[in-house]
Amino acid sequence: MNKALQSLLDLLDLERIEEDIFRGRSRSAVVPRVFGGQVAAQALVAAGRTVPADRHAHSLHAYFLVAGDPGAPIVYTVDRIRDGRSFTTRRVVAIQHGQPIFHLSASFQTYEDGLEHQADMPPAPDPASLPTAAEMLPRYTGVLGADRVRRLLEAREAVDLRYVDAPPFAFVGEPQQPRSQVWFRTDGKLADDPLLHVCLATYVSDMTLLDSVLLAHGRGGWAVGDVVGASLDHAMWFHRPFRADEWLLYDQQSPSASGGRGLGQARIHTQDGRLAITVIQEGVVRVPR
């Protein structure tokens with residue numbers, strides 16, 4: 001396991017302060033605030049640690065309220081909303097400097113047999129045929145600058161994330177179809193802990209979901225600085241078991257942008273074609289004045 005992945009796992013290993021109160025820290029991000037995927041993943045860790053081991057996360061719904069301060073700890077308080085025979089519900093509030101910055105509701109379920117169907121996996125090339133971030137990102141030094149390339153590489157050291165086509169900053173000024181695909185997996189093997197795999201997928205899900213919004217308008221994104229943006233809300237449904245250390249196809253598209261907001265929706269399939277996760281996110285997407 002590389003050092004970056006171990007550092008990310010340490011980040012998700014929250015300190016328990018009281019029975020239902022946890023404390024986490026942050027890592028530096030490409031933008032000067034706490035990365036949204038981090039706070040969502042940590043909140044899900046906090047919720048999961050108050051749930052019986054035989055109940056697995058099947059959905060989360062979250063709102064980003066205030067930009068987080070990466071230099072301060074984050075306190076997560078968990079409310080035990082419901083413990084039913086099959087389902088368990090938790091609400092988590094993340095607090096910094098005495099005010100809520102994020103809240104999440106998550107639902108957990110015991111395993112059940114039931115009806116089965118799924119959407120087909122879209123076509124995509126083998127991830128092994130695609131360039132790694134270390135191979136791809138330096139090509140865009142002229143657009144991003146050397147410092148931003150370095151920070152993007154550091155932000156993705158723990159995750160092997162490969163674009164099927166090119167990222168938004170390859171198409172500045174050239175509107176594309178509002179669709180993007182990436183393959184991802186952690187850069188190292190993980191323990192057999194279902195909650196850990198779900199939390200790591202939650203972490204990665206916030207990295208590229210609004211790319212399809214940017215592509216539709218020929219905008220390079222936050223790394224280029226031709227838009228100002230932030231996540232507003234985020235929802236995920238976990239349909240089938242998966243491993244975050246095995247290849248997952250993140251197929252993303254944007255059905256709408258209006259009112260200074262953009263919507264991204266996506267499906268995540270395992271490499272053998274099983275639909276593992278559905279994701280929807282809305283974010284602020286503004287053109288700087």
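1. Contact here means heavy atoms within 4.5 Å. In this predicted model, helix H6 (residues 194-208) lies across six strands: strand E3 (55-64), E7, E8, strand E9 (228-238), strand E10 (248-258) and strand E12 (275-286). Relative to E9, helix H6 runs at about 145°.

2. The sheet beneath this description is open and consists of twelve antiparallel strands, ordered E1-E2-E4-E5-E6-E3-E9-E12-E11-E10-E8-E7. Strand E1 (15-18) and strand E7 (159-163) are the edge strands, each pairing on one side only. On average, and with direction ignored, neighbouring strands of the sheet are turned by 25° against each other.

3. At the E7 edge, the partner is strand E8 (residues 179-186), joined to E7 in the antiparallel sense over five bridges. Within this pair, Leu161 stands opposite Phe184 in E8.

4. Helix H2 (residues 36-48) and H6 have axes that come within 7 Å and cross at roughly 160°. Because angles over 145 degrees count as roughly antiparallel, H2 is roughly antiparallel to H6. The crossing of H2 past H6 is right-handed.

5. The contact of H2 with H6 is formed on the H2 side by Gly36, Gly37, Gln38, Ala40, Ala41, Leu44, Val45 and Gly48. On the H6 side are Leu195, Val198, Cys199, Thr202, Tyr203 and Asp206. By class, the residues of this contact comprise eight nonpolar, five polar and one charged.

6. One backbone feature merits attention. His97, a residue other than glycine, has a positive phi near 50°. His97 is placed in the loop between strand E5 (87-96) and strand E6 (99-110), and His97 is exposed, with a relative accessible area of 65%.

Terms used
Residues numbered from 1 in each chain as written. Predicted model: local features only at pLDDT ≥ 70, side-chain atom pairs only at ≥ 80, totals over all residues. Heavy atoms only, no water. Pairing = 2+ DSSP bridges. Helix = DSSP H or I, 4+ residues; strand = E, 2+ residues; numbered from the N terminus. Axes fitted to C-alpha atoms, helices over the stretch in contact; angles between N-to-C directions. Buried < 20%, exposed > 50% of the residue type's maximum accessible area, 1.4 Å probe, protein only. Parallel < 35°, antiparallel > 145°, perpendicular 65-115°, else oblique. Left-handed = near helix turned anticlockwise from the far one by under 90°. Nonpolar A, V, L, I, M, F, W, Y, C, P; charged D, E, K, R; others polar.
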